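The following exercises concern the reading of a protein model together with its sequence. Please work through each task before consulting the solution.

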Amino acid sequence: IYEHTKSHEWYEKAVEVIPGGVYGHLGPAEGCFMPMSAYPLFASKADGAYFWDVDGNRYIDLMCAYGPMILGYNDPDVDNAAIEQMKTLNCAVQPGTLMVDLAELLVDTVEMADWAFFAKNGGDVTNFALMVARAATGRDKFIAVNGGYHGVIGWTQGYGAPGVAKAEVLPKLMVNWGDVAAVEKLASEYKGEIAAFIATPYHHPVFEDNVLPPAGYWEKIRRICDREGIVLIVDDVRCGWRLDVKGSDYHFGFKADLECFCKALANGHNISALCGVESLKDAAASVMCTGSYWMSAPQMAAAIACINKMKTIDAPKICHDYGVKIIDRLTEVAKKHGFDYRFSGEPSLFYHRIAGLDGKEDPNFLLHQAFVGECVKRGVFMTNHHNHFTNTALTDADVDFIGEVADEAMGVVRNKSREILAQA
Ligand code: PMP
């Protein structure tokens, strides 16, 4: 059973000089994570499908750095491309020509793309996408889905969230995932006022089972957007490259107007991209949007190497197949111990939870939380509230290890279940 003594010593130091110590979703945010005692807070190194914490414990990383790691940590093809590029041109007064190479590669690879634009984080391009939609339509309002995550900038957050001007959130009209009638209703209520509909390719909220698009959903949304002149933005920051290298809109059989990529785009090198259709190119060029490091060359070299490798090895298929293997193994183990185990979403980004024991439901996530904590303490890194990610560096031996750890963890949770459920 892993100890996290050094992690917690470093955390004590961190909170003295950094607000929140480890902030955002990577830290022990209130209400999000397992008990801190189960959880490492600082990593010391990473390689392939694993990372090590500062106490020297090794983990199979089923969060893949929350998505960026798709080919395994320290992929030599991607990292060498970045290192070689760094030696000649890094962050300079002008971009390197490989910015054009990367845009061409995206236009050739991503089905909907006629152009590409580069930034650093997912939130940079979801925000740029909304700006492009507003520039193209001259409208302010937009529709988003309850529980969808698009970053941290004002409009992505809730009305009244700390630090967010209410005026930034007001143009946002909310619907529930899958509810086409609600989109229709808003489109007629605010006719001529809605710039964009923004959503992830399927619904992957936290603390909730994930939901694939209902039959005909995207076709209907596409039709409403076409009819009303609304720009259809697909936020593919999380799913991108794990479902189809041609884009997740292609995977689900429709065409986005703007598609946002980040995470797996360069296997951990910091770059994001917005791809768009021809009719929005002038609007994109009209928007003032840039950043200190947005045109740095090494990350572009990394993205080129990563995209080429993902295409060559068919990374989405490998990620899918390992997702299926892991889910099958966990289902088998859960059955043996009498747990009601459910998974949802796509296998390469599976969401799972223990929903009950011996036919009795656990609506409070307590059994699942305990299970995840016991797995983390034994070297399988998961979270209790978020979808997971698979990568191409996993092996069948890793799946066996995950199965063995889950077996032990479920045994422990089963034995302590009365105590655990009494916390409700
Ligand atoms: N959209 C989605 C769907 C995401 O999952 C994320 C990151 N979790 C973002 C946008 C924001 O990306 P970033 O944190 O890189 O700004």
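The exercises below refer to this predicted model and proceed from the whole chain to single residues.

**Exercise 1. Overall form**

Task: Determine whether the radius of gyration of the protein chain agrees or disagrees with that of a compact globule.

Solution:
- Step 1. The protein chain has 424 residues, for which a compact globule would have a radius of gyration near 22 Å.
- Step 2. The protein chain has 22 Å, which agrees with that expectation.
- Step 3. Along the principal axes, the C-alpha atoms fill a box of roughly 60 × 55 × 45 Å.
- Step 4. The secondary structure consists of 14 helices and 14 strands, and buried residues make up 46% of the 424 residues.
- Step 5. Among contacts with a separation of 6 or more, 73% are between residues 24 or more positions apart.

**Exercise 2. Domains and their interface**

Task: State how the protein chain is divided into domains, and describe the side of domain 1 that touches domain 2.

Solution:
- Step 1. The division gives domain 1 (5-73 + 315-421) and domain 2 (76-312).
- Step 2. Taken over C-alpha atoms, the centres of the two domains are separated by 27 Å.
- Step 3. At the interface, 21 residues of domain 1 are in contact with 22 residues of domain 2.
- Step 4. On the domain 1 side, helix H11 (315-337) and strand E11 (339-344) are the elements that give two or more residues. H11 provides the largest share, three residues.
- Step 5. By class, this side has 12 nonpolar, seven polar and two charged residues.

**Exercise 3. The nonpolar core**

Task: Identify which residues have the most contacts inside the largest nonpolar core.

Solution:
- Step 1. As a general principle, nonpolar side chains tend to be buried together in soluble globular proteins.
- Step 2. In this model, the largest nonpolar core has 120 residues, and Ala-133, Phe-197, Ile-233 and Ala-273 have the most contacts inside it.
- Step 3. Helix H10 (residues 297-313) gives the most to this core, with 10 residues.
- Step 4. Domain 1 and domain 2 each supply at least three residues to this core.
- Step 5. Ala-273 serves as an example: leaving aside neighbours within four places in sequence, its contacts are Leu-106, Ala-116, Phe-117, Phe-118, Val-125, Phe-261 and Leu-265.

**Exercise 4. The ligand shell**

Task: Describe the residues that surround the ligand by number and class.

Solution:
- Step 1. The ligand is surrounded by 13 residues, the closest being Asn-121, Gly-122, Gly-123, Val-237 and Arg-238.
- Step 2. Helix H4 (residues 122-137) contributes the largest share of this shell, three residues.
- Step 3. By class, the shell has four nonpolar, seven polar and two charged residues.

**Exercise 5. Enclosed helix, partly exposed strand residue**

Task: Explain why helix H12 is described as largely enclosed, and then characterise the surroundings of Arg-58.

Solution:
- Step 1. Helix H12 (residues 366-376) has 11 residues, of which 10 are buried, so the helix is largely enclosed by the rest of the structure.
- Step 2. The buried residues of H12 include His-368, Gln-369 and Glu-374 as well as Leu-367 and Phe-371.
- Step 3. The cover over these buried residues includes strand E12 (351-357), strand E14 (380-381), helix H13 (396-415) and helix H14 (417-421).
- Step 4. Arg-58 lies in strand E3 (residues 58-61). A residue needs 20 or more other C-beta atoms within 10 Å to be buried, and 12 or fewer to be exposed; Arg-58 has 14 and is therefore partly exposed.
- Step 5. Not counting residues up to four places away in sequence, Arg-58 touches Tyr-50, Trp-52 and Gly-379.
- Step 6. Lys-45 is 13 residues from Arg-58 along the chain, and their C-alpha atoms are separated by 9.4 Å.

Terms used
Residues are numbered from 1 along each chain as its sequence is written. This is a predicted model: local features need pLDDT of at least 70, side-chain atom pairs count only at pLDDT 80 or more; totals for chains, interfaces and linings use all residues. Helices (H or I, at least four residues) and strands (E, at least two) are DSSP runs, numbered from the N terminus. The radius of gyration is taken over C-alpha atoms; the globule rule is 2.2 Å times the number of residues to the power 0.38. Two residues are in contact if their C-beta atoms, placed from the backbone, lie within 7 Å. A residue is near a molecule or strand if its C-beta atom, placed from the backbone, lies within 6 Å of it. Ala, Val, Leu, Ile, Met, Phe, Trp, Tyr, Cys and Pro count as nonpolar, Asp, Glu, Lys and Arg as charged, and the others, Gly among them, as polar. A nonpolar core is a set of buried Ala, Val, Leu, Ile, Met, Phe, Trp, Tyr and Cys residues joined through C-beta atoms within 7 Å. Domain bounds come from an automatic or database domain assignment.
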